[in-house]
Amino acid sequence: MQNTIHVHLLYNPKAGDERRQEQRLLEVIESHGFTCQHASMKDKGWKRFKDKTALVVVAGGDGTVREVVKRLMNRRILDKPLTVALVPSGTANNFAKTMGISPELTDFARCLAAWHTKKVDVGAVRNLRGSRFFIEGLGCGLIPRLIDRMKDVDLTGIDTPQQELAVALAKLLEIALTYRAKPAKIWIDGRLHEGDYLLVEVLNIRSVGPNVILAPHADPTDGALEVVLIQEKDREAFVDYLRRLQQGDGAPRSVPWEVLKANRAIRIRCEHRLVHVDDELVEHKKGKKIDVAIRRGVVDFIT
């Protein structure tokens, strides 16, 4: 890789020690002979990439990754394609953990030197107001309820991401004990599945929320999506799983609920009012269809 690459560094001022992290990243990038411009995600001009830009470095969490991917997807078809490198510094970092991307700057430096890229898929969304795609997942039931309830949780005194994740996990367990399963119909590559569900998730990655692994074998580079269906009959097993997570049990190799692979398209009709698209909540008319299609290899990520 020639050392004439221009880098656009974007960082989330909420994620980590902003000033120190920014300076250290600049030092690593420039040590490879690259030129670099940098901007906070709060700056109005962060979306403007120079014509010579070849790499976008993102320092932040899952929400920051989504914002950058959204910007790249909105570029014109004739615009120069850009590669993305991620330095995870958010709370959950679910996307980075699935991709095996380390938060350590020494690992980031090795990634820049090796320049090994993977093409990441996204889910294209139709019939859901204000949402066109996801990079992590889309779903109804327990996860949107958790996102909604966490808005009212007082996080004063929470000093670390680990503490915030523990609070969110406890809240999810509380919800899972009493949440009423609701009817839904899900077509996966044309095949119908229906029942009363606590959770329906279409996932590009393994985990959601407070690092809850729902689809252990999900891979955002395999050209497929995983559909997780947790029914009323699975409640006890799911609650037990959350309790084991609280006790520090490691990542499961398998899960006791249904996980199905979608290679083409998914359609969902559910009686849930709230739907999440990545970390964003969308109000949806009950029973109205949501269509998801797979868009393969949309964004190049350095891993």
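Me: Which residues do ring pairs link into a cluster?
Reply: They are F238, Y241 and W257. Keep in mind that this is a predicted model.

Me: Why is the pair of F238 and Y241 called tilted?
Reply: Start with the distance. The ring centres are 6.5 Å apart, and the limit for a pair is within 6.5 Å. Now the angle. The planes of F238 and Y241 stand at 45°. Stacked needs under 30 degrees, edge-to-face needs over 60, and the rest are tilted. So the F238 and Y241 pair is tilted.

Me: What separates F238 and Y241 along helix α7?
Reply: About one helical turn, because they are three residues apart in α7. Both F238 and Y241 are buried.

Me: How many aromatic pairs does the rule give?
Reply: The count comes to five. One of them joins F95 and F301.

Me: What makes the pair of F95 and F301 tilted?
Reply: Their ring centres are 5.1 Å apart, and their planes are at 55°. That angle is neither under 30 nor over 60 degrees. So this pair is tilted.

Me: Where in the chain do F95 and F301 sit?
Reply: F95 is in helix α3 (residues 94–99), and F301 is in strand β17 (residues 290–302). They are 206 residues apart, so the pair links distant parts of the chain. F95 and F301 are both buried.

Me: What lies over the face of F133?
Reply: R66 does, at 4.6 Å from the ring centre. The distance limit is within 6 Å.

Me: How do you know that C36 is in no disulfide?
Reply: Look at the sulfur atoms. The closest cysteine sulfur to that of C36 is in C111, 16 Å away. A disulfide needs sulfur atoms within 2.5 Å. So C111 is too far for a bond.

Me: What about C140 and the nearest cysteine sulfur?
Reply: The sulfur of C270 is 3.5 Å away, and C140 is in no disulfide. The cut-off is again within 2.5 Å. A search of the whole structure finds zero disulfides.

Me: Why are C36 and C140 called buried?
Reply: Buried means under 20% relative accessible area. C36 has 18%, so it is buried. C140 has 2%, so it is buried as well.

Me: What makes the buried residues of α4 line one face of the helix?
Reply: In helix α4 (residues 105–114), L105, F108 and L112 are buried. Seen down the axis, the buried residues of α4 fall within an arc of 50°, so they line one face. On the other side of α4, T106, R110, A113 and A114 are exposed.

Me: What is the phi of W115, just after α4?
Reply: It is positive, about 55°, although W115 is not a glycine. W115 lies in the loop between α4 and β5 (117–126). Its relative accessible area is 16%, so W115 is buried.

Me: Why is N127 called partly exposed?
Reply: Its relative accessible area is 29%. Partly exposed runs between the 20% and 50% limits, so N127 fits that label. N127 lies in the loop between β5 and β6 (133–134). N127 is also a residue other than glycine with a positive phi, near 70°.

Me: Which residues have the most contacts inside the largest nonpolar core?
Reply: L142, V212, L214, F238 and L242 do, in a core of 31 residues. Helix α6 gives the most to this core, with six residues. L142 is in contact with L172, I175 and F238, among others. A second, separate core has 25 residues, including M41, I101, F133 and V299.

Me: How do you know that T53 is buried?
Reply: T53 has 0% relative accessibility. The limit is under 20%, so T53 counts as buried. T53 lies in strand β3 (residues 53–60). Its contacts include H6, H8 and Q37. T53 and Q37 are 16 residues apart along the chain, with 9.3 Å between their C-alpha atoms.

Me: Why does V255 count as buried?
Reply: Its relative accessibility is 18%. That is under 20%, so V255 counts as buried. V255 lies in the loop between α7 (235–246) and β13 (258–262). V255 touches I213, L214 and P216.

Terms used: Residues numbered from 1 in each chain as written. Predicted model: local features only at pLDDT ≥ 70, side-chain atom pairs only at ≥ 80, totals over all residues. Heavy atoms only, no water. Helix = DSSP H or I, 4+ residues; strand = E, 2+ residues; numbered from the N terminus. Buried < 20%, exposed > 50% of the residue type's maximum accessible area, 1.4 Å probe, protein only. Contact = heavy atoms within 4.5 Å. Phe/Tyr/Trp six-rings, centres within 6.5 Å; stacked < 30°, edge-to-face > 60°. Lys NZ or Arg CZ within 6 Å of the ring centre and 35° of its normal. Arc of directions from axis to C-beta. Core = buried A, V, L, I, M, F, W, Y, C linked by side-chain atoms within 4.5 Å. Lists of a residue's contacts leave out its neighbours within four places in sequence.
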